[in-house]
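Biologist: Please take one residue of this protein and go through its surroundings closely. Some context on the whole chain would help as well.

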Amino acid sequence: MAENLKLSREEIIICYKEDVERLLKFLPWLQQKSGGKVSGFYSGEGIENSSMSVPVYDSTLLSFIKEIRTTDFMNRNYVYTYSRYRIKTAKDEFRLIDACSLQDISLLGDILSKYVLRGDVKGAVWSEGVSNGVYLALLLKLKELMEIRDVRA
């Protein structure tokens, strides 16, 4: 029965507009860093000789991840989307991102959720989203979907 209940374009925009606006403030940073490295390892005071390497992440990346956590895009059940659409690689993620319409906006949230939640266990996944360009592609698609084209004018 829930599948029969479809939100209108305006209702979807109302639901996600604030979240998308908060994430879009990171768009210039992602455009600059996409494909690059946003993490490294702490190497001060000879720590590598006596201790385990400690990863260090770009502060803007951490702010971006923190901001994603506060949105309605977060979904702990993202794995069902990955299974349903047979998403295994970043190429598959890009394919789904390109194919999404406004009615499918929750699928974009599932991709974001994967990177954020897996990054909690393995922090390199957060950086992977920047280096492979998935975050940038997602934000550009969200921006495109949220543009209001008033057909009445």
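Modeller: What follows covers the chain as a whole and then a single loop residue, Thr 71. The model is predicted. The protein chain holds nine helices and two strands, and their order along the sequence is α-α-β-α-β-α-α-α-α-α-α. There are 153 residues in the protein chain, and 39% of them count as buried. The accessible surface of the protein chain is about 9,600 Å², with 52% of that area belonging to carbon and sulfur atoms. If contacts are restricted to residues at least 6 apart in sequence, 72% of those in the protein chain join residues at least 24 apart.

Now the residue itself. Thr 71 sits in the loop that lies between helix H4 (59-69) and helix H5 (78-84). Thr 71 counts as buried because its relative accessibility is 7%, and the cut-off for buried is under 20%.

Two backbone atoms pair with the side chain of Thr 71. On one side in sequence, the backbone oxygen of Ile 68 is 2.7 Å from a polar atom of the Thr 71 side chain. On the other, the backbone nitrogen of Phe 73 is 3.3 Å from a polar atom of that side chain.

Contacts also reach another part of the sequence. With neighbours within four places in sequence left aside, Thr 71 is in contact with Asp 19, Arg 22 and Leu 23. In short, Thr 71 is a buried residue in the loop between H4 and H5, with side-chain polar contacts to the backbone of Ile 68 and of Phe 73.

Notes:
Residues are numbered from 1 along each chain as its sequence is written. This is a predicted model: local features need pLDDT of at least 70, side-chain atom pairs count only at pLDDT 80 or more; totals for chains, interfaces and linings use all residues. Side-chain values use heavy atoms; hydrogens and water are left out. Helices (H or I, at least four residues) and strands (E, at least two) are DSSP runs, numbered from the N terminus. Buried means under 20% relative accessible area, exposed over 50%, partly exposed in between (1.4 Å probe, protein chains only). Contact means heavy atoms within 4.5 Å. Accessible areas come from the Shrake-Rupley method with a 1.4 Å probe; for residues, only the protein chains shown count as cover. A polar contact is a pair of N or O atoms within 3.5 Å; within protein, one must be able to donate a hydrogen and the other to accept it, and residues adjacent in sequence count only if both atoms are side-chain atoms.
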